[in-house]
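Biologist: I have a structure open and would like to learn how to read it. Could you take me through it step by step?

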Amino acid sequence: MPKLSVRTELLVAFAALAVLAMLPAFTSSKALVDFVIRAAAFGLFATSLNLLVGYGGMVSFGHGLFFGLGAYSFGLLMQRTGLPIPVAFALTLVISALSGLVIGAICVRLKEIYFAFVTLAFQMLLHSLIVSWVPLTGGDQGLLGGIPRPTFFGVNLANHIHLYMTSAVLLVVGLLLMRQIAQSPFGYTLRMIRDNPGRTSFLGVNVFRTKLTAFVLAGVFASAGGTIMSLFVSSAYPDFAYWTMSGEAIFIIMLGGTSTFLGPMVGTVVLLLLNDVVTRITPHYGLVLGIVILLFALGLRKGITDFIVEWFDDRRTARITAADAEEGAR
Amino acid sequence: MNPDALLTCFASSACLVTQVTSGFIIGMLLFLVAVGLTLIFGVLKVVNFTHGAFYMLGAYFAFTAYGLTGSFVAALAAAAVGTGLLGVVFERWFISRVYGGNVLMQLLVCYGFILIFDDVVRIVWGAEFRSMGMPDAFMLPPFIVAGGVIPAYYLFLIVCGLVIAAGLGMGLSRTRLGKTIRAASHNPDMVSALGINTGLLYACVFGFGGLLAGLAGGLAAPVRSLTSGMGFSILIESFIVTVIGGMGSILGALVGAILIGLIRTFGTLGFPLFTEGLMYLFMAVVLIAKPTGLFGKDIA
Amino acid sequence: MTRKKSGLDRRSFMALAAGGAATLSMPHIAGAQAKTIRIGMPTILSGRVAQLGTSSRNAAMMEVEKVNAAGGLAGRPIELVIRDSKGQPQEAARVARELINTDNCEMLIDAEASTGGFAVHEVARDLGVLCMHTNSETSSLTADPKLRIPNAFRCCRQGIHDSAAGGNYAASIAKAKNLTRWGVVSPDYAYGRDTTAEFLMYLKRFAPNVEVITEAWPKIFQADYTEAITKLLQAKPQALYSCLWGGDLTSFIDQSAIYALLNQMEFFAVNMADYTALTVVKNLPKGIHSGNRYIKTFPQTPANAAWGDGYRAKFNEYPTNWSWQNALVVNMLAAAAKKAGSADGKKMAEALMGLKIETPFGADGTVTMRAEDQTLIGYAIGWGTTIPTEPYVPGVTPGDWKQILELEAEWKKSKGWA
């Protein structure tokens with residue numbers, strides 16, 4: 001990926017936002033609006049996981065913890081405290097950051113498969129808690145009665161277009177921030193740890209602190225995704241904190257590709273489309289999805305964007321070699 | 001929370017016998033699934049997420065064979081042989097293509113197959129749940145030991161589990177094949193250089209792991225309802241077992257499985273609402289204290 | 001294993017149904033604009049409880065065929081658009097929205113289980129379309145005024161009704177046989193907890209000397225009940241209550257059998273008398289007390305027997321509890337459209353208030369959509385004991401609706417909902 005200047009990236013983000021903002025004006029399709037909201041929720045979630053997996057080499061099986069935590073924290077704050085939405089949202093992020101700090105401090109010391117399993121354990125612990133703490137969470141029925149959405153700064157999230165715009169803004173801002181994190185010196189330290197933790201620590205880098213920071217940041221962005229989802233369904237469900245949610249996110253980033261920043265976003269869009277189309281056609285969604293997965297894993301052996309990037313690289317190399325050959329012939 | 005019930009139980013021999021044996025019962029089926037998982041990981045370095053699906057298929061093979069022949073022995077044989085062969089095919093055609101590569105890629109292949117197997121079961125055997133029924137040979141009144149109750153079938157199950165555990169332990173330490181397998185788990189290149197066909201070895205190990213899971217499914221079929229997706233919860237629990245016991249350790253799988261069984265049976269007395277959470281909590285504690293699990297050092 | 005239930009089946013059937021309706025429709029509406037009315041139906045067609053979803057779909061399609069043959073909804077033939085939510089609430093919400101917004105459905109039959117049902121309820125609140133809940137038995141869905149909306153109705157059982165009838169029945173047995181020490185084994189989720197609490201409340205009310213001495217709360221879809229069974233063995237209750245259902249209930253019974261648990265106590269399993277469970281258990285113990293779910297011999301009328309046999313002949317499987325509810329909803333909608341003289345959702349919603357129709361599933365041959373809280377009353381409800389072969393539950397003691405309604409009113413008051 002070429003390194004773009006911060007200003008260019010801001011411009012790209014602004015352009016993307018402008019396109020998203022104009023979309024409802026050009027189409028009457030409410031399904032498209034719904035689609036973008038869901039893509040924003042899952043996109044933030046998956047991209048934040050890639051911060052861990054792709055950049056940090058930390059394969060978490062428990063990232064759904066933060067998605068669920070975000071949805072539940074926000075939903076409960078809105079239902080119980082009557083705080084304005086932006087305050088509740090900010091508090092949700094703070095709660096996620098603190099939880100991430102505590103859980104991360106325990107988890108990031110572990111390596112590879114053990115890290116994966118202990119994150120899974122924490123996620124399932126949260127899931128058990130949600131299901132059994134019925135007076136607070138409503139247990140398996142989720143938060144009942146809808147999430148209230150008082151108007152703030154003229155934004156009424158009960159209005160679907162307003163919700164759409166808010167989700168789009170959160171998505172673009174979230175992606176931009178994560179992009180900046182990935183391109184910052186911190187991001188490069190993270191990649192270094194992924195590639196060679198031993199050497200990085202010899203260089204005087206505090207590996208533990210770097211990994212922990214990444215874990216907390218990823219958790220915060222995932223919980224923002226969870227918040228959007230809770231607004232979309234006007235509730236929160238234990239499923240959001242179940243391990244299948246983490247599994248889906250892993251599949252999304254594999255599908256889209258882990259080596260490019262926007263890979264998870266591409267994966268999100270493709271998986272959602274696949275889901276929406278296939279469930280219309282057949283109840284054997286699993287069979288179809290399974291076969292698609294195998295085609296990717298055994299056929300392509302890499303994500304969509306990885307494939308595209310490599311294809312371009314190959315062509316460039318081929319061109320250069322061809323040019324060299326021509327020169328040599330001359 | 002009800003710690004009194006726990007204390008009362010510790011004071012009564014009848015309760016202790018019943019709860020400890022039922023901990024072993026839960027543990028034995030878990031062990032059969034988990035030991036295959038741990039064996040495959042120890043030798044192939046692959047985390048086989050489809051292992052629960054093998055358990056499920058074993059149960060369905062047994063169901064069909066039992067329905068056709070009426071013989072429980074035939075049912076168990078069908079479960080074991082069917083899943084064993086499937087394991088070999090699965091390893092050769094699919095898993096072998098993602099060795100050494102990305103762990104995520106292995107995970108993805110397995111995830112794909114879980115989805116496919118679940119839907120295939122639904123297409124072949126129907127979406128409704130099924131029940132195989134208890135073979136007549138085991139329709140006996142339960143044994144009473146020191147006031148505790150032990151059903152005949154579960155006694156059979158525990159014996160099966162222990163025999164397999166002992167056989168595995170002996171087989172790996174005493175036989176030539178076992179030694180080769182252990183060697184391969186430490187240094188596959190060396191084994192390969194010695195002229196041993198590692199591909200064949202891997203297929204055998206994977207097939208054997210699948211066979212054990214299928215056998216567990218067959219053994220579970222008389223007492224558990226059969227449904228698509230039934231392999232899922234046992235998969236998660238076997239993971240907990242292998243992680244607690246140590247990935248790659250057979251003794252660890254046995255001890256881990258029994259520990260989980262005991263946590264379940266005693267947990268349900270003392271903490272009826274948090275039994276599940278208790279298992280995860282225990283796993284987290286073990287991982288934090290000893291990341292490689294209780295018996296994690298020696299592999300296979 | 002002749003199961004042909006694919007999407008293809010459904011589509012070809014729907015084309016047939018629509019086509020048939022167009023040609024058969026009565027002369028006086030042939031001239032009018034007989035524009036098809038699309039009804040969206042989110043349900044669970046894949047995953048663990050897919051069987052319930054398909055049985056809902058089958059029953060609804062069977063009735064739509066009949067209604068279309070008789071002229072449809074105020075002259076408009078019905079086209080069901082059925083979608084799979086995979087049992088996930090967020091998918092149920094998405095699918096429901098999509099059915100209305102993209103597929104031009106004008107109303108919803110929400111054939112989701114409880115969690116999905118609440119999610120669809122929020123969608124109905126948002127979009128304002130007529131929504132009929134057909135599978136969510138959770139009482140609060142309609143009983144809690146905070147959740148209520150004018151465009152959503154429940155056309156199925158309700159937990160509190162079942163508990164009132166069951167508690168009363170169980171109390172009469174408890175008093176006759178002097179069963180005072182009770183145990184509970186129920187699934188640990190909202191349905192299991194609420195239903196059990198309500199059942200025990202009524203049991204203790206009618207048999208005050210009953211005490212609960214042990215409780216086991218296995219997880220839903222837990223495969224192994226050994227720990228619950230041994231716990232019950234230790235406590236030795238005289239009677240046992242359970243609202244386990246489906247495969248969980250049959251697993252529990254199979255595993256209890258080898259401990260000889262159920263020979264030692266009277267067993268009250270509200271969800272036993274459902275063909276899916278009755279036909280699956282290989283050695284169904286005799287004398288399990290159960291509430292009716294769907295059984296073609298209760299109410300013992302020719303209409304009910306004919307409906308059950310008709311379903312079985314058509315789909316080669318027994319109808320489930322979800323089947324009758326989804327069959328009923330189609331008839332309910334047809335009656336509402338007839339009363340309103342229109343297939344407009346708002347007008348039909350008004351017509352549904354207090355609507356009473358004749359049906360094989362009614363306790364007295366009719367059911368009523370109660371206006372006050374938009375929920376179904378008067379459906380067949382009763383308890384009996386099982387035998388291992390057809391008709392499985394030979395004698396069902398019908399519940400007393402007058403008493404059920406009194407108890408329900410009192411319960412609502414205690415919750416601050418009435």
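Modeller: Let's begin with overall shape, keeping in mind that this is a predicted model. For 300 residues, a compact globule would have a radius of gyration near 19 Å, and chain B agrees because its own value is 19 Å. Along its principal axes, the C-alpha trace of chain B spans about 60 × 50 × 35 Å.

Biologist: How many helices and strands does chain B have?

Modeller: Chain B has 12 helices and 2 strands. Follow the sequence and you meet them in the order α-α-α-α-α-β-β-α-α-α-α-α-α-α.

Biologist: And what share of the residues of chain B count as buried?

Modeller: Buried residues make up 58% of the 300 in chain B. You can also ask how far along the sequence the contacts reach. Taking contacts in chain B between residues at least 6 apart, 78% join residues at least 24 apart.

Biologist: Now the nonpolar cores. Which residues touch the most other members of the largest one?

Modeller: Those are Ala62(B) and Leu108(C), in a core of 337 residues. Helix 2 of chain B (residues 13–44) supplies the largest share of this core, 18 residues. Domain 1 and domain 2 of chain C both give residues to this core, so it lies between them.

Biologist: What does Leu108(C) touch?

Modeller: Leaving aside residues up to four places away in sequence, Leu108(C) touches Gly40(C), Ala96(C), Leu99(C), Val120(C), Ala124(C), Val129(C), Cys131(C) and Met132(C). There is also a second, separate core of 8 residues, with Ile44(C), Ala50(C), Ala113(C) and Trp322(C) among them.

Biologist: You mentioned domains. Where do they run in chain C?

Modeller: Domain 1 of chain C covers 7–158 + 300–376, and domain 2 covers 160–298 + 381–415. Their centres, taken over C-alpha atoms, are 29 Å apart. Where they meet, 20 residues of domain 1 are in contact with 20 residues of domain 2. On the domain 1 side, helix 12 (302–315) and helix 13 (321–340) of chain C each supply at least two residues, and helix 12 gives the most, with 4 residues. By class, that side has 6 nonpolar, 11 polar and 3 charged residues.

Biologist: How do I read a contact between two chains?

Modeller: The size of an interface is often given as the accessible area lost when the parts come together. Here we can count residues instead. Chain C has 37 residues in contact with 36 residues of chain B. Helix 10 of chain C provides the largest share of the chain C side, 9 residues. The residues of that side divide into 14 nonpolar, 13 polar and 10 charged.

Biologist: How many residues does each chain give where chain A touches chain C?

Modeller: Chain A gives 26 residues and chain C gives 29. Helix 2 of chain A gives the most to the chain A side, with 4 residues. That side has 10 nonpolar, 10 polar and 6 charged residues.

Biologist: Let's end with a single residue. Is Ser85(C) buried or exposed?

Modeller: Count the neighbours: 28 other C-beta atoms lie within 10 Å of Ser85(C), so this residue is buried; the cut-off is 20 or more. Ser85(C) sits in the loop between strand 2 (78–84) and helix 4 (89–101) of chain C. Residues touching Ser85(C) include Pro42(C), Thr43(C), Ile44(C) and Glu112(C). By contrast, Gly167(C) is 82 residues from Ser85(C) in sequence and 34 Å away in space, C-alpha to C-alpha.

Methods:
Residues numbered from 1 in each chain as written. Chains lettered and ligands numbered in written order. Predicted model: local features only at pLDDT ≥ 70, side-chain atom pairs only at ≥ 80, totals over all residues. Core = buried A, V, L, I, M, F, W, Y, C linked by C-beta atoms within 7 Å. Buried ≥ 20, exposed ≤ 12 C-beta atoms within 10 Å, placed from the backbone. Domains from an automatic or database assignment. Contact = placed C-beta atoms within 7 Å. Nonpolar A, V, L, I, M, F, W, Y, C, P; charged D, E, K, R; others polar. Rg over C-alpha atoms; globule rule 2.2 N^0.38 Å.
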